[in-house]
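Here is a small set of exercises to work through with a structure viewer open. Try each task yourself before you read its solution.

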Amino acid sequence: MCINCLKTNTPDRGSTCLEKGAYLMNFAGCHACKNVGFLKEESKVSEEDDDGEETVTYNHVCKECDHIVASHEYTFSVDDGFQEYSMNCTLCGYGSATVSILPDDPREKQLF
Ligand SMILES: [Zn+2]
Ligand SMILES: [Zn+2]
Ligand SMILES: [Zn+2]
């Protein structure tokens, strides 16, 4: 993990949770090789624990020099009819969301 390549360390993303990809708006450029273009995803691991919580982790890596910019964690679980998502990454930021899996839950209108 490296804060030199970021504009903001772990920005608040509200209810945005990315399971893949990168928040390139927060990428200031690779401080090691000055690449400002693309990052690749490496070491992607997807795990499910006994409670049914799914965790996806991967690293954001500079495409040019393999410098590790940030490590990304995404979790997903279903609890009492609600889907809960969260994201924690120094590049993509922190976000969490709770969505009812019932079709007409009134809380949905507040979320979207
Ligand atoms: Zn860096
Ligand atoms: Zn680089
Ligand atoms: Zn990320």
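The exercises below go from the overall fold to the strands, the core and two individual residues, and they use a predicted model.

**Exercise 1. Confidence and overall make-up**

Task: Find where confidence is lowest and where it is highest in the protein chain, and list its secondary structure.

Solution:
- Step 1. Begin with the average: the mean pLDDT of the chain is 91, and 92% of its residues reach 70 or more.
- Step 2. Go on to the elements. Helix H1, residues 107–111, has the lowest confidence with a mean of 56, while E2 has the highest at 97.
- Step 3. Count the elements: the chain has one helix and five strands. Along the sequence they follow the pattern β-β-β-β-β-α.
- Step 4. Add the dimensions. The C-alpha trace spans about 50 × 30 × 15 Å along its principal axes, and buried residues make up 21% of the 112 residues.

**Exercise 2. The order of the sheet**

Task: Work out the strand order of the sheet and explain why E1 and E5 each have one side without a neighbour.

Solution:
- Step 1. Trace the pairing. The five strands form an open sheet in the order E1-E2-E3-E4-E5, with antiparallel pairing.
- Step 2. Look at the edges. Strand E1 (39–48) and strand E5 (93–100) each have a single partner strand, so one side of each is left without a neighbour in the sheet.
- Step 3. Check the twist, which averages 10 degrees from one strand to the next.

**Exercise 3. Bridges and hairpins**

Task: For each pair of strands, give the number of bridges and one pair of residues that face each other.

Solution:
- Step 1. Take E1 and E2, which pair antiparallel over eight bridges. Glu 48 has Glu 54 in E2 as its bridge partner. Five residues separate the strands of this hairpin, where Gly 52 takes a positive phi near 85 degrees.
- Step 2. Move to E2 and E3, again antiparallel over eight bridges. Here Thr 55 is bridged to Thr 75 in E3. This pair is also a hairpin with five residues between the strands.
- Step 3. Continue with E3 (residues 68–79) and E4 (residues 82–89), which run antiparallel and are joined by eight bridges. Glu 73 stands opposite Asn 88 in E4.
- Step 4. Finish with E4 and E5, an antiparallel pair joined by eight bridges. Ser 86 has Ser 96 in E5 as its bridge partner, and the hairpin has three residues between its strands.

**Exercise 4. The nonpolar core**

Task: Identify the residues with the most contacts inside the largest nonpolar core, and see which elements contribute to this core.

Solution:
- Step 1. Recall the general tendency: in soluble globular proteins, nonpolar side chains are apt to be buried together.
- Step 2. Read off the core. The largest one has 17 residues, and Leu 39, Val 69, Leu 91 and Cys 92 have the most contacts inside it.
- Step 3. Assign elements. Strand E2 (54–62), E3 and E4 each give two or more residues to this core, and E3 gives the most, with three.
- Step 4. Zoom in on Val 69. Leaving out residues up to four places away in sequence, Val 69 touches Cys 2, Cys 5, Cys 30, Leu 39, His 60, Val 61, Cys 62 and Leu 91.
- Step 5. Widen the view to the whole chain: among contacts between residues at least 6 apart in sequence, 46% join residues at least 24 apart.

**Exercise 5. Two residues with positive phi**

Task: Locate Asp 66 and Thr 10, and decide whether each is buried, exposed or partly exposed.

Solution:
- Step 1. Place Asp 66 in the loop between E2 and E3. Its phi is positive, about 65 degrees, although Asp 66 is not a glycine.
- Step 2. Count its surroundings. With 13 other C-beta atoms within 10 Å, Asp 66 is partly exposed, because the exposed class ends at 12 and the buried class starts at 20.
- Step 3. Compare sequence with space: Asp 66 and Cys 30 are 36 residues apart in sequence and 9.8 Å apart in space, C-alpha to C-alpha.
- Step 4. Turn to Thr 10 in the segment before E1. Thr 10 has a positive phi of about 50 degrees and is not a glycine.
- Step 5. Apply the cut-offs again: 16 other C-beta atoms lie within 10 Å of Thr 10, so Thr 10 is partly exposed.

Definitions and conventions: Residues numbered from 1 in each chain as written. Chains lettered and ligands numbered in written order. Predicted model: local features only at pLDDT ≥ 70, side-chain atom pairs only at ≥ 80, totals over all residues. Pairing = 2+ DSSP bridges. Helix = DSSP H or I, 4+ residues; strand = E, 2+ residues; numbered from the N terminus. Axes fitted to C-alpha atoms, helices over the stretch in contact; angles between N-to-C directions. Core = buried A, V, L, I, M, F, W, Y, C linked by C-beta atoms within 7 Å. Contact = placed C-beta atoms within 7 Å. pLDDT = per-residue confidence, 0-100.
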